[in-house]
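Biologist: I want to learn how to read a model like this one. Where do we start?

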Amino acid sequence: MRIDVVTIFPDYLAPLDLSLPGKARQSGLIELGVHDLRQWATDRHHTVDDTPYGGGAGMVMKPEPWGQALDAVTSDDCVVLVPTPSGRPFRQADAERLSREQHLVFACGRYEGIDQRVIDEAASRWRVEEVSLGDFVLNGGEVAALAVIEAVVRLLPGFMGNPESIVEESHGTDGLLEYPVYTKPATWRDRDVPEILLSGHHGNIAAWRRQQSLERTRERRPDLMP
Ligand SMILES: Nc1ncccc1[N+](=O)[O-]
């Protein structure tokens with residue numbers, strides 16, 4: 001898989017050189033390109049934003065640099081992902097679907113967003129998905145791009161040491177929240193690990209874990225209850 005990110009803050013994407021994505025890059029399983037939008041802002045000051053038509057606070061990202069940038073980094077069959085609070089909620093199912101793509105391009109907007117014509121023109125040439133991580137406002141799309149990239153890359157075959165660990169996760173196969181987990185010591189600050197987990201009885205343990213998942217989901221995410 002190839003991943004390209006266009007941003008005015010390329011250093012924000014430096015964490016991708018660490019941990020999982022970094023390892024995946026060394027093994028050649030992903031190619032990552034981070035591009036500074038300003039290289040396509042050809043005026044003397046490399047201007048990337050301007051005041052919004054119709055007035056209003058803040059600045060909007062100009063279309064010309066974005067048009068040149070996307071022309072340069074996209075491929076015919078790529079998916080252009082635009083992190084934005086006005087996007088569709090990004091879910092685990094989207095991470096799974098996107099992990100099967102060959103080329104993802106992240107357009108990270110800042111300020112009040114990117115001129116809509118950039119999105120409209122891109123959507124006439126490539127698959128474009130405006131995605132949101134949640135109902136809160138960040139200052140730009142970079143943090144969201146990092147999160148989406150991690151959610152996608154960790155699903156690629158051969159990246160996770162133990163593929164088993166992917167199956168039993170929150171928002172995984174049965175869509176429930178994950179059950180609580182414990183490890184040694186059996187007692188810590190007078191708190192014991194639930195007896196059932198020490199019983200070695202796998203059937204009962206599975207049932208207890210399912211019950212815990214249901215209770216947690218009912219309590220915290222009733223919207224996910226089956
Ligand atoms: N919440 C967000 N705020 C700004 C940019 C992107 C965002 N998001 O969730 O993808």
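Modeller: Start with domains. Their bounds come from an automatic or database domain assignment. This is a predicted model. The assignment gives domain 1 (2-153) and domain 2 (170-224).

Biologist: How many Å separate the centres of domain 1 and domain 2?

Modeller: The figure is 37 Å, taken over C-alpha atoms. Along its principal axes, the C-alpha trace of the protein chain spans about 70 × 40 × 35 Å.

Biologist: How many helices and strands does the protein chain have?

Modeller: There are seven helices and nine strands. For contacts, look at sequence separation. Of those in the protein chain with a separation of 6 or more, 75% join residues 24 or more positions apart.

Biologist: What about burial and surface?

Modeller: Buried means under 20% relative accessible area. Of the 226 residues in the protein chain, 40% are buried. The chain exposes about 13500 Å², and carbon and sulfur atoms supply 51% of that area.

Biologist: And charge?

Modeller: Count both signs, then compare their centres. The protein chain carries 24 positive and 35 negative side chains. The centres of the two sets lie 4 Å apart.

Biologist: Now a single helix. Which residues of helix α2 are buried?

Modeller: First the general idea. An α-helix has 3.6 residues a turn, so residues three or four places apart point the same way. In α2 (residues 63-73), the buried ones are P65, W66, A69, L70 and V73. Seen down the axis of α2, they fall within an arc of 125°, so they line one face of the helix.

Biologist: What covers the buried residues of α2?

Modeller: The cover includes strands β1 (2-7), β2 (31-36), β4 (60-61) and β6 (103-107). Helix α4 (116-123) is also part of the cover.

Key:
Residues numbered from 1 in each chain as written. Predicted model: local features only at pLDDT ≥ 70, side-chain atom pairs only at ≥ 80, totals over all residues. Heavy atoms only, no water. Helix = DSSP H or I, 4+ residues; strand = E, 2+ residues; numbered from the N terminus. Buried < 20%, exposed > 50% of the residue type's maximum accessible area, 1.4 Å probe, protein only. Contact = heavy atoms within 4.5 Å. Areas by Shrake-Rupley, 256 points an atom, 1.4 Å probe, with all protein chains shown as cover. Lys, Arg positive; Asp, Glu negative; His and termini not counted. Charge placed at Lys NZ, Arg CZ, Asp CG, Glu CD. Arc of directions from axis to C-beta.
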